[in-house]
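Me: I am new to this structure and would like a close look at a single part of it. Could you walk me through the negative surface patch and then add a little on its surroundings in the chain?

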Amino acid sequence: MTRIAGLASNRGRNLVHVQDLQPGGAELAVVASNHADAPILEKAEERGIPTVAVEQGDDESRREHEQRLVDELAAYDVDLVCLDGYMRVLSDTFLDTMPTTVNVHPSLLPSFPGMDAWGDALDAGAKTTGCTVHVVTDATDDDGTVVADEVDGGPIVTQEPVPVYEGDDTESLKERVLYEGEFKAYPRAVKWFAEDRVEVDLDANAVHVAGDGADDDGGLPERRVVTEDRHADLRYGENPHQDAALYADNTSEEASVVHADQLNEGAKALSYNNYNDADGALYLIKEFDEPAAAVIKHTNPAGCATADTLADAYADALATDAKSAFGGIVALNRECDADTAELVADSFKEVVVAPGYTDDALDVLTAKKNLRVLDVGDLTSYTDDGDLDATRERFTSKELVGGRLVQERDLEPVSREDLEVVTEREPTEEELESMLFAWKVQKHVKSNGIVFAKGTETVGLGVGQVSRVDAVEIAAMKAERDAEGKTAEGAVMGSDAFFPFPDAVEEAAEAGIEAVIQPGGSKNDDKVIEAANELGMTMVMTGQRCFRHD
């Protein structure tokens with residue numbers, strides 16, 4: 001466990017925050033102040049932390065005072081010293097005797113060193129400031145006099161940017177830098193020291209942190225700094241009582257609904273839910289090289305299909321569940337032509353998303369007053385050797401209370417070579433084609449999710465169920481009741497995760513399903529395969545699941 005000596009002259013809010021978090025298992029072993037009445041001493045005592053007050057006497061030199069402080073701290077066997085508003089410049093008397101000493105300064109050093117970093121940032125018109133955790137180095141001469149140019153000049157451990165807003169004053173900026181900057185950066189630095197990942201090179205005025213960077217393959221980084229600009233004020237969020245706005249990453253090069261042009265001027269702007277659904281629809285149709293169309297409702301596909309023409313793909317997608325598609329989002333992966341536009345305009349849709357429109361198509365679509373028409377520009381795709389286009393966004397994230405989940409997007413393709421046939425009956429060529437189509441759609445269906453497909457069009461979908469059997473039953477019901485000119489008889493079934501029991505496969509067989517694509521990996525795989533064999537079904541396993549919980 002890393003034992004910290006905390007030094008503060010006033011409230012020491014960073015020290016309290018570090019103690020409460022105990023990053024990397026580090027904790028305050030002692031808190032010292034140069035003022036006997038400093039509030040930090042009372043806060044430390046409330047937490048059972050030993051305290052010392054070492055005030056400088058009127059006739060006492062800097063070095064004499066520091067030596068007394070060193071003597072007081074000697075009994076606590078500390079591994080790291082953390083300063084937090086300790087209003088004394090330390091000399092080599094302290095620094096050469098004690099372990100590494102770090103400080104947090106309220107600016108992005110080397111900008112705005114000194115006592116009034118917040119005011120200096122405001123006076124300079126800075127649009128971004130922040131904080132810096134740095135190693136404290138000797139900024140005094142031989143007789144203990146402060147060398148101003150050397151204050152706050154030690155090697156930098158980590159920094160955190162903080163925006164400066166119009167109308168900020170010193171107090172508002174000070175609070176933002178503390179809570180949005182220092183409260184992130186200081187625990188991070190302490191954690192690195194506690195994990196023995198920090199190497200301080202005073203000769204080079206540099207700090208090296210093991211692992212502080214992206215993985216060798218450019219994967220998940222140690223730190224993320226997310227800067228986005230408010231792009232649009234939305235009427236409300238998911239519900240009218242929730243405020244909402246759209247923020248944009250202007251460095252993104254991938255085709256997106258955030259940066260899409262809305263072509264029908266005068267139509268109402270997209271809502272929070274429109275953006276969310278349109279993003280999901282666009283993400284789905286990017287899976288396909290063939291002409292593809294999808295209709296999305298509440299981020300789930302109501303139908304999806306590929307065909308020789310875009311119009312046929314849309315008609316097949318819509319026919320899966322035209323009732324649920326009412327008021328949905330349409331996404332197309334080809335320039336929208338007049339034939340497709342006529343079909344889209346035939347019933348109420350909220351938004352249509354495509355990589356361009358013919359003039360005739362625009363005439364049709366813009367005549368619909370409440371239909372928003374988005375042009376996302378060229379879609380990215382897979383390269384000839386199967387690699388993703390460089391402009392594809394690699395990561396996705398989700399805000400949580402107190403943090404953010406970050407993961408790679410599910411961009412892993414499944415090909416015929418990846419499929420393991422596990423049943424006695426081999427799939428036909430037509431079944432293999434449908435299985436691979438179903439798998440691409442499956443990735444975009446909320447878990448537990450089931451996709452029934454025939455050819456390259458959906459037949460029925462069971463989405464977002466807590467039971468996989470229920471998802472199968474719903475997909476069968478939708479195929480039987482809501483699909484137009486379609487049937488589950490002879491169709492394939494895709495599942496986003498393994499079947500824990502044979503019951504879902506048996507339920508699918510009753511609906512007419514003859515082929516199954518699923519990840520596999522259940523301890524009951526043998527029983528599921530046995531059931532498929534008894535039912536005369538063919539089954540393949542992908543070896544990877546495609547859960548989607550958002």
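Reply: Here is a look at the patch, followed by the nonpolar core and one strand residue. The model is predicted, so local features need pLDDT of at least 70 and side-chain atom pairs count only at pLDDT 80 or more, while totals for chains, interfaces and linings use all residues. Residues are numbered from 1 along each chain as its sequence is written, and side-chain values use heavy atoms, with hydrogens and water left out.

The negative patch is made up of Asp470, Glu473, Asp503, Glu506, Glu510, Asp526, Glu530 and Glu534. Patch residues have over 30% relative accessible area and no salt bridge, and like charges are joined within 9 Å; a salt bridge would be a side-chain nitrogen of Lys or Arg within 4 Å of a carboxyl oxygen of Asp or Glu. Two or more of the patch residues come from each of α13 (468-481), α14 (503-511) and α15 (525-534); helices here are DSSP runs (H or I) of at least four residues, and strands (E) of at least two. Aspartate 503 sits in helix α14. Its relative accessible area is 33%, so aspartate 503 is partly exposed, a term for values between buried (under 20%) and exposed (over 50%), with a 1.4 Å probe and protein chains only.

Now for the inside. The largest nonpolar core (buried nonpolar residues joined through side-chain atoms within 4.5 Å) has 42 residues, and Val353 and Val441 have the most contacts inside it. Helix α12 gives the largest share, seven residues.

Finally, alanine 302 lies in strand β14 (residues 300-306) and is buried, with a relative accessible area of 8%.

Terms used. Patch = residues over 30% accessible without salt bridge, like charges linked within 9 Å, V, L, I, M, F, W, Y side chains within 5 Å. Areas by Shrake-Rupley, 256 points an atom, 1.4 Å probe, with all protein chains shown as cover. Lys, Arg positive; Asp, Glu negative; His and termini not counted. Charge placed at Lys NZ, Arg CZ, Asp CG, Glu CD.
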